[in-house]
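Welcome to my notebook. I am going through one structure step by step, and you are warmly invited to follow along.

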Amino acid sequence: MLQTHEQLAIFACLNGRRCVVVGGGPVAARKAGELVGAGADVTVVAPKLDRVLAERAATGAIQWRREAFASTHLDDAWLVVAATSDRELNAGVANAAEARQIFCNVVDDPSLCSFIMPAVVRRDPVTIAISSGGHAPVIARWVKGIIESLVPQRLGALATLAGEWRQRVKAAFGSIDTRRRFWEYVLEGPVAEHSLAGRPDRAEAALENALADWQTTPAATSGEAYIVGAGPGSADLLTLRGRQLLAQAEVVLYDRLVGDEILQFARRDAELISVGKQAGRPSITQPQINRLLVQLVKSGKRVCRLKGGDPMIFGRGGEELDALVEAGLPFQVVPGVSAALACAAYAGIPLTLRGVTQTVLLTTGHTESSANTGLGKLPGGQTLALYMGVARYAEIADTLLNAGNEATLPVAVVERGTLPEQRVVVTTLAELAAATEALAIESPALLLIGATAALAERNAWFAPERVVVYNDPANAITRTTKVAS
Ligand code: SAH
């Protein structure tokens, strides 16, 4: 019965309900203990019991049927756990349960289970259950360990406090949206701080104050824009703050380069609007995006404007800020890992290196004219990081060669940096044009020029099998083929 499709996660209320455990050993004892903990009326069926179970039976915490298992033991049961070491007997229990439509867990045999018992992190009344669908209990326990360390020990106290105040908050705010925001404020502000630090009285006082404040301050319910950098692509490179605000927004306006994996962090009921612009294609214009953003925030929405990389580096974040400032609307800006930093890191290229490069120029290959883009003779010790303009790499190389840069100046192109399909092309200024064409380099790609670009070959650590060294048009080699030869 191991399911390959999704399982429904439910929390069962077993208080006073009859549950059966078949088996009398330590595993059966553990399962019986969990069921008793949930308030179930537990019957253990086994010819003999280990010490723990025997004690429980003696005190009346469980009922003991000192018999071999028979399907009639399942009469009136809500669920059953088969925990014997006899596989055939376990299968018999599973079959009897199936015939009676009773949920059955067979210890260590997911193929016989119609329910599984997850790994659990408890912060009563908050319970976090983790399942690997029966495939890999070790992974479930590993995740449990991570969650145990992340979730504050006193979360339960905060949840209890919230539960006690729920009706009052509901009565105070008619709109669900306002209530939700209020509770988010409670979780992020002084109420949570006091509660999680073990100061329940001060937490309660802070909650009372907050409720009074929120009822008189309309600001608490007004919209806000979050201009958030989503990073270069890989979801784990989004900042924690960015993720928090994304999870809070009612509307998300996102760019083309922002992947689905990152959008998953948005609220389930958030409205997701793609405002992606793509070079050379008709699409929504920047002024239209600015207007949409202003309109949404004015209407009271919290809008997350999610942009690839960093919003303030070739992200047109500045223009959106202009529009928001002009309209007198509140906003926050969250930085993102910009492509130049991300690509350099994931290609093993230091942007500065003591004694080698001391300055970094972030520039664009997008504009027609090179006048304002710094594409002249590179000062010694400079790394040039060029965004966009893949279609113009040949032209850019020409401009740089004509400006007097060495033909052998190292160049690295990082295509789809930080994503699993990242490719790094290591070449020289003289051969950049040929490499771009021969290897069909595509956007998004970042061009890094300067002495340290050559280190990409030696320092390759991410997707090293897709580091291509292009020195001689007849001799483009990937790192792996070179190592093999
Ligand atoms: N605000 C963004 C840049 C937007 S301009 C930032 O800070 O990164 C878009 C350009 O960024 C692309 O044309 C490309 O040059 C670069 N870029 C963005 N993501 C990239 C990635 N994963 N790999 C390589 N280059 C990338």
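**Around the ligand**

I began at the ligand, where one of its nitrogen atoms lies 2.8 Å from a polar backbone atom of glycine 417. I should say at once that this is a predicted model. I then looked for similar contacts and found a ligand nitrogen 2.6 Å from a polar backbone atom of isoleucine 313. For proline 232, the distance from a polar backbone atom to a nitrogen of the ligand is 2.9 Å.

How many residues surround the ligand? I noted 19, and the closest are Ile313, Ser338, Met388, Gly417 and Ala445.

**Confidence**

Next I checked how sure the predictor was. The protein chain has a mean pLDDT of 91, and 93% of its residues reach 70 or more. I marked residues 480-485 for caution, as their pLDDT is below 50. In the model this stretch makes three contacts beyond near neighbours in sequence.

**Strand β14**

Is strand β14 enclosed or open to the outside? I found six of its six residues (382-387) buried, so the strand is largely enclosed by the rest of the structure. In a regular strand, side chains alternate between the two faces of the sheet. I therefore looked at each face of β14 separately and found both covered. Gln382, Leu384 and Leu386 are buried on one side, and Thr383, Ala385 and Tyr387 are buried on the other.

Which strands pair with β14? Strand β13 (residues 359-364) pairs with β14 in the parallel sense, over six bridges. Strand β17 (residues 445-449) runs antiparallel to β14, and three bridges join them. Leucine 384 is a handy residue to follow here: it is the bridge partner of leucine 361, and in β17 its bridge partner is isoleucine 449.

**Cis peptide bonds**

I looked up two cis peptide bonds. One runs from aspartate 124 to proline 125, with omega near 10 degrees. I located proline 125 in the loop between β6 (119-123) and β7 (126-130). Another cis bond links serine 443 to proline 444, with omega near 0 degrees. Proline 444 sits in the loop between α15 (432-438) and β17.

**Positive phi in a loop**

Then I turned to the loop between β11 (302-307) and α12 (317-326), where I found phenylalanine 314. This residue is not a glycine, yet its phi is positive, at about 45 degrees. Its relative accessible area is 39%, so I wrote it down as partly exposed. Arginine 316 is in the loop between β11 and α12 as well. Arginine 316 also has a positive phi without being glycine, and the value is near 60 degrees. With a relative accessibility of 39%, arginine 316 counts as partly exposed.

**Cysteines**

Last, I searched for disulfides. How many does the structure hold? The count is zero. Cysteine 13 takes part in no disulfide, and the nearest cysteine sulfur, that of cysteine 19, is 12 Å away. A disulfide needs the two sulfur atoms within 2.5 Å. Cysteine 19 is likewise in no disulfide, with the sulfur of cysteine 13 as its nearest, 12 Å away.

Are these cysteines buried or exposed? Cysteine 13 counts as exposed, at 60% relative accessibility, whereas cysteine 19 is buried, with a relative accessible area of 0%.

How values were computed:
Residues numbered from 1 in each chain as written. Predicted model: local features only at pLDDT ≥ 70, side-chain atom pairs only at ≥ 80, totals over all residues. Heavy atoms only, no water. Buried < 20%, exposed > 50% of the residue type's maximum accessible area, 1.4 Å probe, protein only. pLDDT = per-residue confidence, 0-100. Contact = heavy atoms within 4.5 Å. Helix = DSSP H or I, 4+ residues; strand = E, 2+ residues; numbered from the N terminus. Pairing = 2+ DSSP bridges. Near = heavy atom within 4 Å. Polar contact = N/O pair within 3.5 Å; in protein donor to acceptor, adjacent residues only side chain to side chain.
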